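Colleague: I'm still new to reading these models, so could you take one small part and walk me through it slowly? Pick a bit of strand and turn, then show me what sits around it.

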Amino acid sequence: MKADGCVLGMDIGGTHVRAGTVKQDMSLHGFEITPSISLFRGAGNRIQALAGYVRKYCARHLDGMLPKAVAVGFPSTVDRERMRLLSTPNLKGFDNMDVVEPLQRELGIPVCIDRDVNLLLLNDIRVHGLENAEIVIGCYVGTGLGNAICIRGEMLRGKNGVAGELGHIPIWGSKRPCGCGNIGCMETAVSGRHLEELRTRFFPSEKMETLFQNQGNDPVLREYVEGIAVPVAAEINIFDPDCVVLGGGVLQMAGFPMELLLEAVKRHTRRPLPYEALKIVPSSQSQESGVLGAGMCAWDRIKKGR
Ligand SMILES: [Zn+2]
(Lines give C-alpha, C1' and ligand atoms only; values in the text may rest on other atoms or scores of the structure.)
Protein backbone atom coordinates (compact mmCIF):
# COMPACT_ATOMS: atom_id res chain seq x y z
CA MET A 1 0.00 0.00 0.00
CA LYS A 2 1.21 3.54 -0.73
CA ALA A 3 1.11 6.55 1.55
CA ASP A 4 -0.70 9.12 -0.57
CA GLY A 5 0.42 12.70 -0.61
CA CYS A 6 4.10 12.31 0.20
CA VAL A 7 7.42 11.46 -1.38
CA LEU A 8 10.64 10.40 0.34
CA GLY A 9 13.73 12.59 -0.07
CA MET A 10 17.18 11.25 0.78
CA ASP A 11 20.52 13.01 0.90
CA ILE A 12 23.48 10.61 0.98
CA GLY A 13 26.64 12.21 2.36
CA GLY A 14 30.14 10.96 3.07
CA THR A 15 29.38 10.80 6.79
CA HIS A 16 25.59 10.96 7.19
CA VAL A 17 22.41 9.98 5.40
CA ARG A 18 19.50 12.39 5.82
CA ALA A 19 15.93 11.47 4.97
CA GLY A 20 12.41 12.81 5.32
CA THR A 21 9.00 12.77 3.69
CA VAL A 22 8.00 15.86 1.74
CA LYS A 23 4.40 16.79 0.96
CA GLN A 24 3.37 18.69 -2.13
CA ASP A 25 3.21 21.93 -0.11
CA MET A 26 6.95 21.29 0.58
CA SER A 27 6.40 20.63 4.28
CA LEU A 28 8.93 18.16 5.71
CA HIS A 29 8.01 15.30 8.06
CA GLY A 30 9.83 12.48 9.82
CA PHE A 31 13.28 14.00 9.24
CA GLU A 32 16.11 11.78 10.43
CA ILE A 33 19.91 11.58 10.24
CA THR A 34 21.77 8.26 10.21
CA PRO A 35 25.55 7.73 10.07
CA SER A 36 26.36 6.49 6.54
CA ILE A 37 28.58 3.81 8.01
CA SER A 38 25.74 2.21 9.97
CA LEU A 39 23.56 2.14 6.85
CA PHE A 40 26.13 0.64 4.54
CA ARG A 41 28.42 -1.27 6.93
CA GLY A 42 28.98 -4.81 5.74
CA ALA A 43 26.39 -4.31 3.01
CA GLY A 44 27.69 -6.14 -0.04
CA ASN A 45 24.86 -4.84 -2.15
CA ARG A 46 24.37 -1.08 -1.86
CA ILE A 47 20.96 -1.19 -3.56
CA GLN A 48 19.60 -3.72 -1.08
CA ALA A 49 21.00 -1.63 1.77
CA LEU A 50 19.23 1.47 0.39
CA ALA A 51 15.98 -0.43 -0.16
CA GLY A 52 16.24 -1.90 3.33
CA TYR A 53 16.66 1.56 4.80
CA VAL A 54 13.64 2.89 2.87
CA ARG A 55 11.45 0.02 4.11
CA LYS A 56 12.56 0.54 7.72
CA TYR A 57 12.02 4.28 7.41
CA CYS A 58 8.50 3.64 6.12
CA ALA A 59 7.82 1.24 9.00
CA ARG A 60 8.89 3.94 11.47
CA HIS A 61 7.13 6.92 9.91
CA LEU A 62 4.44 5.77 7.42
CA ASP A 63 2.88 2.70 9.09
CA GLY A 64 4.83 0.57 6.61
CA MET A 65 3.25 2.20 3.55
CA LEU A 66 5.57 3.32 0.75
CA PRO A 67 5.74 6.95 -0.48
CA LYS A 68 4.62 7.89 -4.01
CA ALA A 69 8.27 8.16 -5.11
CA VAL A 70 11.82 8.28 -3.75
CA ALA A 71 14.54 10.74 -4.80
CA VAL A 72 18.14 10.36 -3.68
CA GLY A 73 20.97 12.88 -3.88
CA PHE A 74 24.51 11.47 -4.03
CA PRO A 75 27.92 13.20 -3.61
CA SER A 76 28.73 11.78 -7.03
CA THR A 77 28.99 12.41 -10.71
CA VAL A 78 25.85 10.99 -12.31
CA ASP A 79 25.22 9.93 -15.91
CA ARG A 80 23.26 12.22 -18.24
CA GLU A 81 20.09 10.13 -18.00
CA ARG A 82 20.24 10.29 -14.19
CA MET A 83 20.07 6.50 -13.86
CA ARG A 84 23.60 5.58 -12.80
CA LEU A 85 26.37 6.83 -10.49
CA LEU A 86 29.70 7.33 -12.24
CA SER A 87 32.16 8.28 -9.50
CA THR A 88 31.84 8.93 -5.74
CA PRO A 89 35.26 9.83 -4.30
CA ASN A 90 34.10 10.36 -0.69
CA LEU A 91 32.00 7.21 -0.30
CA LYS A 92 33.24 3.67 -0.93
CA GLY A 93 31.30 1.29 -3.15
CA PHE A 94 29.31 3.86 -5.17
CA ASP A 95 31.30 3.98 -8.40
CA ASN A 96 29.90 2.79 -11.76
CA MET A 97 26.64 1.70 -10.19
CA ASP A 98 23.13 1.50 -11.64
CA VAL A 99 20.70 2.88 -9.08
CA VAL A 100 17.35 3.85 -10.56
CA GLU A 101 16.33 0.59 -12.27
CA PRO A 102 17.41 -1.85 -9.54
CA LEU A 103 16.02 0.34 -6.73
CA GLN A 104 12.69 0.73 -8.56
CA ARG A 105 12.59 -3.04 -8.98
CA GLU A 106 13.29 -3.56 -5.26
CA LEU A 107 10.73 -1.03 -4.04
CA GLY A 108 8.09 -1.02 -6.79
CA ILE A 109 7.79 2.80 -6.79
CA PRO A 110 9.36 5.52 -9.00
CA VAL A 111 12.94 6.43 -8.08
CA CYS A 112 15.07 9.34 -9.25
CA ILE A 113 18.63 10.38 -8.46
CA ASP A 114 20.80 13.47 -8.93
CA ARG A 115 24.01 15.11 -7.76
CA ASP A 116 23.55 16.40 -4.22
CA VAL A 117 24.51 19.98 -5.16
CA ASN A 118 21.83 20.10 -7.88
CA LEU A 119 19.24 19.28 -5.23
CA LEU A 120 20.68 21.94 -2.91
CA LEU A 121 20.42 24.56 -5.64
CA LEU A 122 16.88 23.40 -6.51
CA ASN A 123 15.90 24.09 -2.90
CA ASP A 124 17.76 27.42 -2.82
CA ILE A 125 15.99 28.56 -5.99
CA ARG A 126 12.64 27.80 -4.33
CA VAL A 127 13.54 29.46 -1.01
CA HIS A 128 14.86 32.62 -2.72
CA GLY A 129 12.00 32.75 -5.27
CA LEU A 130 14.39 32.50 -8.24
CA GLU A 131 12.17 30.22 -10.36
CA ASN A 132 11.93 32.76 -13.18
CA ALA A 133 15.61 33.71 -13.29
CA GLU A 134 17.42 32.82 -16.52
CA ILE A 135 20.71 31.68 -14.98
CA VAL A 136 21.40 30.81 -11.34
CA ILE A 137 24.68 29.33 -10.16
CA GLY A 138 25.37 27.71 -6.80
CA CYS A 139 28.82 27.32 -5.24
CA TYR A 140 28.99 25.20 -2.09
CA VAL A 141 32.27 24.91 -0.18
CA GLY A 142 31.97 21.79 1.97
CA THR A 143 34.41 18.92 2.14
CA GLY A 144 34.96 19.62 -1.56
CA LEU A 145 33.80 22.42 -3.86
CA GLY A 146 30.28 21.71 -5.10
CA ASN A 147 28.77 23.54 -8.03
CA ALA A 148 25.41 23.56 -9.79
CA ILE A 149 24.26 25.64 -12.75
CA CYS A 150 20.58 26.19 -13.51
CA ILE A 151 19.63 27.63 -16.91
CA ARG A 152 15.97 28.55 -17.59
CA GLY A 153 14.78 26.20 -14.86
CA GLU A 154 16.88 23.21 -15.96
CA MET A 155 20.06 22.04 -14.26
CA LEU A 156 22.92 22.05 -16.75
CA ARG A 157 23.96 18.42 -17.36
CA GLY A 158 26.37 18.58 -20.29
CA LYS A 159 26.94 15.90 -22.91
CA ASN A 160 27.79 13.20 -20.36
CA GLY A 161 25.93 14.49 -17.30
CA VAL A 162 29.06 15.78 -15.59
CA ALA A 163 28.85 19.55 -16.22
CA GLY A 164 29.51 21.90 -13.32
CA GLU A 165 32.61 20.27 -11.87
CA LEU A 166 34.03 23.64 -10.85
CA GLY A 167 36.13 21.94 -8.18
CA HIS A 168 38.13 20.21 -10.88
CA ILE A 169 39.17 23.09 -13.10
CA PRO A 170 42.99 23.19 -13.07
CA ILE A 171 45.11 25.75 -11.19
CA TRP A 172 48.05 26.83 -13.28
CA GLY A 173 51.31 25.64 -11.71
CA SER A 174 49.71 23.56 -8.95
CA LYS A 175 51.13 20.08 -8.40
CA ARG A 176 48.73 18.99 -5.67
CA PRO A 177 47.06 15.61 -6.28
CA CYS A 178 43.25 15.64 -6.21
CA GLY A 179 40.89 12.88 -5.04
CA CYS A 180 39.60 12.62 -8.62
CA GLY A 181 43.00 11.37 -9.81
CA ASN A 182 44.06 14.58 -11.60
CA ILE A 183 46.79 16.98 -10.50
CA GLY A 184 46.26 20.62 -9.49
CA CYS A 185 42.45 20.78 -9.28
CA MET A 186 40.78 23.85 -7.74
CA GLU A 187 39.34 21.64 -5.01
CA THR A 188 42.84 20.96 -3.65
CA ALA A 189 42.88 24.64 -2.57
CA VAL A 190 39.21 25.60 -2.29
CA SER A 191 37.63 23.01 0.01
CA GLY A 192 37.03 22.12 3.64
CA ARG A 193 39.61 19.39 3.19
CA HIS A 194 42.31 21.96 2.42
CA LEU A 195 41.16 24.14 5.32
CA GLU A 196 41.71 21.14 7.60
CA GLU A 197 45.24 20.77 6.14
CA LEU A 198 45.92 24.47 6.88
CA ARG A 199 44.66 24.03 10.44
CA THR A 200 46.92 21.03 11.02
CA ARG A 201 49.95 22.86 9.60
CA PHE A 202 49.54 26.41 10.93
CA PHE A 203 47.08 26.21 13.85
CA PRO A 204 47.56 22.72 15.36
CA SER A 205 46.19 23.72 18.78
CA GLU A 206 43.03 25.29 17.31
CA LYS A 207 39.79 23.35 16.91
CA MET A 208 38.22 23.34 13.45
CA GLU A 209 34.94 24.78 14.81
CA THR A 210 36.65 27.88 16.24
CA LEU A 211 39.30 28.33 13.54
CA PHE A 212 37.79 31.44 11.89
CA GLN A 213 36.52 32.84 15.17
CA ASN A 214 39.99 32.83 16.73
CA GLN A 215 42.32 33.07 13.72
CA GLY A 216 40.16 34.71 11.03
CA ASN A 217 42.53 37.67 10.62
CA ASP A 218 45.61 35.53 10.10
CA PRO A 219 47.09 36.02 6.59
CA VAL A 220 46.98 32.24 5.98
CA LEU A 221 43.19 32.15 6.42
CA ARG A 222 42.59 35.45 4.62
CA GLU A 223 44.46 34.06 1.62
CA TYR A 224 42.39 30.87 1.82
CA VAL A 225 39.16 32.92 1.75
CA GLU A 226 40.42 35.04 -1.16
CA GLY A 227 41.14 31.76 -2.96
CA ILE A 228 37.48 30.74 -2.71
CA ALA A 229 36.61 33.88 -4.68
CA VAL A 230 38.66 32.77 -7.71
CA PRO A 231 36.46 29.93 -9.06
CA VAL A 232 33.29 31.78 -8.02
CA ALA A 233 34.29 34.91 -9.96
CA ALA A 234 35.45 32.77 -12.90
CA GLU A 235 32.01 31.23 -13.17
CA ILE A 236 30.31 34.61 -12.79
CA ASN A 237 32.41 35.97 -15.66
CA ILE A 238 31.50 32.98 -17.84
CA PHE A 239 27.76 32.84 -17.19
CA ASP A 240 26.74 36.43 -16.29
CA PRO A 241 24.14 34.90 -13.93
CA ASP A 242 20.95 36.51 -12.59
CA CYS A 243 21.95 35.32 -9.15
CA VAL A 244 24.78 33.50 -7.35
CA VAL A 245 24.02 31.30 -4.34
CA LEU A 246 26.94 30.80 -1.94
CA GLY A 247 26.90 28.14 0.74
CA GLY A 248 28.46 25.01 2.16
CA GLY A 249 29.76 24.04 5.58
CA VAL A 250 32.93 26.16 5.38
CA LEU A 251 30.99 29.38 4.71
CA GLN A 252 28.68 28.56 7.60
CA MET A 253 31.49 28.17 10.13
CA ALA A 254 31.40 30.56 13.08
CA GLY A 255 33.35 33.72 12.32
CA PHE A 256 33.74 33.01 8.59
CA PRO A 257 34.70 36.40 7.02
CA MET A 258 31.86 36.59 4.46
CA GLU A 259 32.54 40.30 3.80
CA LEU A 260 36.09 39.48 2.72
CA LEU A 261 34.84 36.73 0.39
CA LEU A 262 32.18 38.96 -1.18
CA GLU A 263 34.69 41.78 -1.62
CA ALA A 264 37.16 39.40 -3.33
CA VAL A 265 34.46 37.93 -5.62
CA LYS A 266 33.46 41.45 -6.70
CA ARG A 267 37.09 42.47 -7.19
CA HIS A 268 37.56 39.65 -9.73
CA THR A 269 34.24 40.24 -11.50
CA ARG A 270 34.41 41.89 -14.94
CA ARG A 271 33.55 45.59 -15.15
CA PRO A 272 31.27 47.33 -15.77
CA LEU A 273 29.07 44.25 -16.10
CA PRO A 274 28.27 41.79 -14.60
CA TYR A 275 29.98 43.60 -11.66
CA GLU A 276 27.46 46.46 -11.37
CA ALA A 277 24.44 44.15 -11.42
CA LEU A 278 25.88 41.30 -9.38
CA LYS A 279 23.43 39.61 -7.05
CA ILE A 280 24.74 37.16 -4.46
CA VAL A 281 22.54 35.43 -1.86
CA PRO A 282 23.45 33.02 0.94
CA SER A 283 22.35 29.41 0.61
CA SER A 284 19.39 28.52 2.80
CA GLN A 285 21.45 25.47 3.68
CA SER A 286 20.46 23.52 6.75
CA GLN A 287 20.48 19.83 7.60
CA GLU A 288 17.17 19.51 5.75
CA SER A 289 18.03 21.35 2.48
CA GLY A 290 19.23 18.34 0.49
CA VAL A 291 16.19 16.31 1.56
CA LEU A 292 13.81 19.13 0.53
CA GLY A 293 15.59 19.41 -2.84
CA ALA A 294 15.24 15.64 -3.25
CA GLY A 295 11.55 16.00 -2.45
CA MET A 296 11.20 18.58 -5.25
CA CYS A 297 13.00 16.18 -7.60
CA ALA A 298 10.61 13.33 -6.67
CA TRP A 299 7.49 15.49 -7.16
CA ASP A 300 8.85 16.60 -10.52
CA ARG A 301 9.40 12.94 -11.44
CA ILE A 302 5.76 12.16 -10.61
CA LYS A 303 4.52 15.20 -12.57
CA LYS A 304 6.51 14.21 -15.65
CA GLY A 305 5.42 10.57 -15.19
CA ARG A 306 8.52 9.19 -16.84
ZN1 LIG B 1 40.03 16.85 -9.23
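Modeller: Let's start with the hairpin that β5 and β6 form, which has 5 residues between its two strands. Keep in mind that this is a predicted model. In the turn you'll find Arg 82, and its phi is positive, at about 60 degrees.

Now look at the strands themselves. β5 covers residues 77–78 and β6 covers residues 84–87; they run antiparallel and are joined by 2 bridges. If you want one partnership to find on screen, take Thr 77, whose bridge partner in β6 is Ser 87.

β6 has another neighbour to show you. Strand β7, residues 97–98, pairs with β6 in the antiparallel sense, again over 2 bridges. Here the residue to click on is Arg 84, which stands opposite Asp 98 in β7.

So what sits in the loop between β6 and β7? One residue there is Phe 94, and it's worth a stop. Phe 94 makes an edge-to-face aromatic pair with Phe 40, with 5.0 Å from centre to centre and 75 degrees between the planes. Phe 40 belongs to helix α1, residues 36–40, and the pair links distant parts of the chain, 54 residues apart. Is Phe 40 buried or exposed? Phe 40 is buried, and Phe 94 is too.

Phe 94 has a second ring partner to look at, Phe 74: this pair is tilted, with 6.0 Å centre to centre and 45 degrees between the planes. Phe 74 lies in strand β4 (residues 70–74) and Phe 94 in that loop between β6 and β7, so the pair ties together parts that are 20 residues apart in sequence. Phe 74 is buried, just as Phe 94 is. Put the ring pairs together and you get a cluster of Phe 40, Phe 74 and Phe 94. For the whole model, the count of aromatic pairs comes to 5.

Next, slide along to Pro 75. Pro 75 is among the residues nearest the centre of the largest pocket, along with Asp 116, Gly 142, Thr 143 and Gly 144. That pocket holds about 1400 Å³ of space and is lined by 48 residues. Elements giving two or more residues to its lining include β1 (6–12), β9 (135–141), β10 (145–151) and α5 (192–202). Which element gives the most? That's α4, with 4 residues. Sort the lining by class and you get 26 polar, 14 nonpolar and 8 charged residues. Both domain 1 (6–118 + 287–304) and domain 2 (129–282) supply at least three residues each to this lining.

There's also a second largest pocket, with about 680 Å³ of space. Its lining has 28 residues, and Leu 122, Gly 153, Met 296, Asp 300 and Lys 304 lie nearest its centre. Two or more lining residues come from each of β8 (111–115), α4, β11 (154–155) and α9. The largest share, 7 residues, comes from α9. By class, this lining divides into 14 nonpolar, 11 charged and 3 polar residues. Here too, domain 1 and domain 2 each give at least three residues to the lining.

Notes: Residues numbered from 1 in each chain as written. Predicted model: local features only at pLDDT ≥ 70, side-chain atom pairs only at ≥ 80, totals over all residues. Heavy atoms only, no water. 1 Å grid on protein atoms, 1.4 Å probe; cavity = no way out; pocket = protein on both sides within 12 Å on 5 of 7 lines; lining within 4 Å. Points joined across faces, edges and corners; volume = space filled by probe spheres on them. Nonpolar A, V, L, I, M, F, W, Y, C, P; charged D, E, K, R; others polar. Domains from an automatic or database assignment. Pairing = 2+ DSSP bridges. Phe/Tyr/Trp six-rings, centres within 6.5 Å; stacked < 30°, edge-to-face > 60°. Buried < 20%, exposed > 50% of the residue type's maximum accessible area, 1.4 Å probe, protein only.
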